[in-house]
Amino acid sequence: MTRIGFRLALAYRSDIIMTCVTLVAQVFLLRMIWTSVYGSRTAAAGLTLEALLACLTLANLQSFATQTVVSRTIHHRIRTGMVFFDLARPVGYLRQMAAFQVGNTWGGLLLLAPVIPVVLLVGSITVPVNGVGYVITLVLGYVIAVQLALLISLIGFWTMETGAVSLLYRLVSQFFAGTMVPLAFFPGLLGTVAEILPFKYLGYVPAAVYIGHIPDVSGPVAVELAWIAGLWGLLVLTWSRARRRVVIQGG
C-alpha cells in the first residue's frame, strides 16, 4: 500500500503542482499582511517579525507535508465496494490505509522539494534554534495528522458520505494549526481551545520549536505521545464497530 500511495501522488502530480503554486502565493500574501500589521514594531506576542514570518512559512510547509488524502481514498473505496478487497487482505485495514498515506506523503514531498527554496524565498527562514526538537515534534505531529484523518474516514462506514465532515475538519485543523495566525496571538477562550485541541502539533508547535519560541520540547513531546496513544485506542475501538457495518455497493 505504501508503493500504491507513492505512485498515486506521482500520477496526480498536476494537483500537487497546483497546490505548490497556491502554497507559494499564500506564504507571499502572509508575508505582506504581517509586515504591514507589524509596521514599525520590533516584536509582538514575544515574536519578532522575522521569527513570526519563519514560523508561518514553516507552518504552511508542514501543513502541505502533513495533508492527507486517505479520507478521500477510503470514501471512494467504501462507495464503490472496493473496501471488500482491503478487508480480504491479511494485513489490518488501519495499517493498510496508514501505509498508503505514508507513501502518498513521500510522493508529495518528492514533488514539493523543488518548490521549497521558492517558498523560503517569498517567506522567511532562520537558523534552527532546536533542530532535533523540531524534527521530533514534526514527525509526531504527522502521526497525529494521519490518525485524525483515519478517524474521520471511518465515519463513512456509518454515513457513506464524509465530504462535509472532511471539509469542516480541514477548515478547523488549518485554523488551529496556526498556518495563518500563530497561536501566540490567540486571545482568551480561543487560545484555551487551541491549547486543548491537537491541531497545534500539525503546524505551530514544530515551527515554534524551530525558532526557539518553545525552548523546552519535553512537554510538547509528552503531550503528542499521549495524543497518539489516545487516538490509536479510539481508532481501534471505532474500527471494531465500523467493520460490522460494511455494506458493499457497486459492481
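## A guided tour, starting at helix α3

Begin by selecting helix α3, which is mostly covered: 13 of its 17 residues are buried. Here buried means under 20% relative accessible area, exposed means over 50%, and partly exposed is what lies in between (1.4 Å probe, protein chains only). Helices are DSSP runs (H or I, at least four residues), as strands are (E, at least two), and they are numbered from the N terminus. What you have open is a predicted model, in which local features need pLDDT of at least 70 and side-chain atom pairs count only at pLDDT 80 or more, while totals for chains, interfaces and linings use all residues. Residues are numbered from 1 along each chain as its sequence is written, and side-chain values use heavy atoms, with hydrogens and water left out.

While α3 is still highlighted, look along residues 49–65: from first C-alpha to last, the helix reaches 24 Å, close to the 24 Å expected at 1.5 Å a residue. That expected span is 1.5 Å times one less than the number of residues in the helix.

**Next stop: S124.** Select S124 in the loop between α7 (116–122) and α8 (131–154). Although it belongs to a loop, S124 counts as buried, at 12% relative accessibility. Leaving aside residues up to four places away in sequence, S124 touches R31, E50, L53, A54 and T57; contact means heavy atoms within 4.5 Å.

**On to the aromatics.** Select W34 and Y38, which are 4 residues apart in helix α2 (residues 13–38) and so separated by about one helical turn. How are their rings arranged? The centres are 6.4 Å apart and the planes stand at 65 degrees, so this pair is edge-to-face. Rings of Phe, Tyr and Trp (its six-membered ring) pair if their centres lie within 6.5 Å; planes under 30 degrees apart count as stacked, over 60 as edge-to-face and the rest as tilted. Both W34 and Y38 are buried. The structure holds 10 aromatic pairs.

Keep Y38 on screen and add R41: its charged end sits over the ring of Y38, 6.0 Å from the ring centre. The rule asks for NZ of Lys or CZ of Arg within 6 Å of the ring centre and within 35 degrees of the ring normal.

Now add F185, which forms one aromatic cluster with W34 and Y38. F185 lies in the loop between α10 (163–176) and α11 (188–196) and is partly exposed, with a relative accessible area of 25%. Among the residues F185 touches are A44, A45, L47 and L52. F185 and A44 are 141 residues apart in sequence, yet 8.4 Å apart in space, C-alpha to C-alpha.

**Into helix α8.** Select T137, found in helix α8. Is T137 buried or exposed? At 0% relative accessibility, T137 counts as buried. Its side chain reaches the backbone oxygen of G133 at 2.9 Å. Show Y201, P206, V209, V221 and E224 as well, since T137 touches them, not counting residues up to four places away in sequence. With G203 also selected, you can find two C-alpha atoms 9.7 Å apart, those of T137 and G203, from residues 66 apart along the chain.

**Last stop: a salt bridge.** Select K200 and E195, which form a salt bridge with their closest N and O atoms 2.6 Å apart. The term covers a side-chain nitrogen of Lys or Arg within 4 Å of a carboxyl oxygen of Asp or Glu, and by this rule the count comes to 1. K200 is buried, with a relative accessible area of 8%, whereas E195 counts as partly exposed, at 49%.

How values were computed:
A polar contact is a pair of N or O atoms within 3.5 Å; within protein, one must be able to donate a hydrogen and the other to accept it, and residues adjacent in sequence count only if both atoms are side-chain atoms.
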